[in-house]
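Here's a short set of exercises to work through with the model open in your viewer. Have a go at each task before you read its solution.

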Amino acid sequence: MDRKTIEDFEKAHGYILPESYINFLLLCNNEPEKYCISYGDICLCSLEELPEERKTHEMDQYCPEYIAVGWGGGGEVLIMKQERSCNTLVVTSGGNLISKFISPEYCTFFHDFFDGWAARKCPDWELNSMYK
């Protein structure tokens, strides 16, 4: 996995991936399942999984400014704003994936999540603590 592959993917799909998520994909060589194996119901998406998640959650229609980067076993969707500088991971219910409901009232926000987490080599206890 390299930046050129990610840039080509973004161009092909019309996405803008957050730099923090790009760094995570580079760190894990686009194999997030290796980092998620001990996280229970939490899964993060590989580059190839992003379009399917977007389609599944009808994000083009309801919240086009976001990208789904993962999910939880209880119906949670992990999303990020399609901005290069975004480093906030948002956890919401799949039913709240409408732009006006992506707010602190309906979601949990983890600011500076990927930058710090990836810098610490992605410890599983940090992802697990999201649901405690």
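Before we start, helices (H or I, at least four residues) and strands (E, at least two) are DSSP runs, numbered from the N terminus. The model is predicted, so local features need pLDDT of at least 70 and side-chain atom pairs count only at pLDDT 80 or more, while totals for chains, interfaces and linings use all residues. Residues are numbered from 1 along each chain as its sequence is written, and side-chain values use heavy atoms, with hydrogens and water left out.

**Exercise 1: the overall layout**

Task: work out how many helices and strands the protein chain has, and in what order they run.

Solution:
- Start with the tally: the protein chain has seven helices and five strands.
- Next, read from the N terminus, which gives α-α-α-β-α-α-β-β-β-β-α-α.
- Then look at burial (buried means under 20% relative accessible area, exposed over 50%, partly exposed in between, with a 1.4 Å probe and protein chains only). Of the 132 residues in the protein chain, 45% are buried.
- Finish with contacts (heavy atoms within 4.5 Å). Take those between residues at least 6 apart in sequence: 47% of them join residues at least 24 apart.

**Exercise 2: the loop after H2**

Task: find where Asn29 sits, and decide whether Asn30 is buried or exposed.

Solution:
- Asn29 belongs to the loop between H2 and helix H3 (33–36), and Asn30 is in the loop between H2 and H3 too.
- Check the backbone: phi is near 55° at Asn29, a positive value in a residue other than glycine. For Asn30, also a residue other than glycine, phi is positive as well, near 60°.
- Now the accessibility: Asn29 comes out at 42% and counts as partly exposed, whereas Asn30, at 11%, counts as buried.

**Exercise 3: the nonpolar cores**

Task: identify which residues have the most contacts inside the largest nonpolar core.

Solution:
- Pin down the term: a nonpolar core is a set of buried Ala, Val, Leu, Ile, Met, Phe, Trp, Tyr and Cys residues joined through side-chain atoms within 4.5 Å.
- The largest one has 23 residues, and Leu17, Tyr21, Leu50, Val69, Met80 and Phe114 have the most contacts inside it.
- Trace the suppliers: helix H1 (3–13), helix H2 (19–27), strand E2 (66–71), strand E3 (76–81), strand E4 (88–93) and helix H6 (113–119) each give at least two residues to this core. H2 gives the most, with four residues.
- There's also a second, separate core of 10 residues, including Met59, Cys63, Ile79 and Ile102.
- For background, nonpolar side chains tend to be buried together in soluble globular proteins.

**Exercise 4: strands E2, E3 and E4**

Task: establish in which sense E2 and E3 pair, and over how many bridges.

Solution:
- Two strands pair if DSSP finds at least two bridges between them. E2 and E3 pair in the antiparallel sense over five bridges, and Ala68 has Ile79 in E3 as its bridge partner.
- Look at the turn: E2 and E3 form a hairpin with four residues between them, where Gly75 has a positive phi of about 90°.
- Move along: E3 and E4 pair in the antiparallel sense over four bridges, with Leu78 standing opposite Val91 in E4. Six residues connect E3 to E4 in a hairpin.
- End on Thr92, which lies in strand E4 and is buried at a relative accessible area of 3%. Leaving out residues up to four places away in sequence, Thr92 touches Gly75, Glu76, Val77, Ile79, Leu97, Tyr106 and Cys107.
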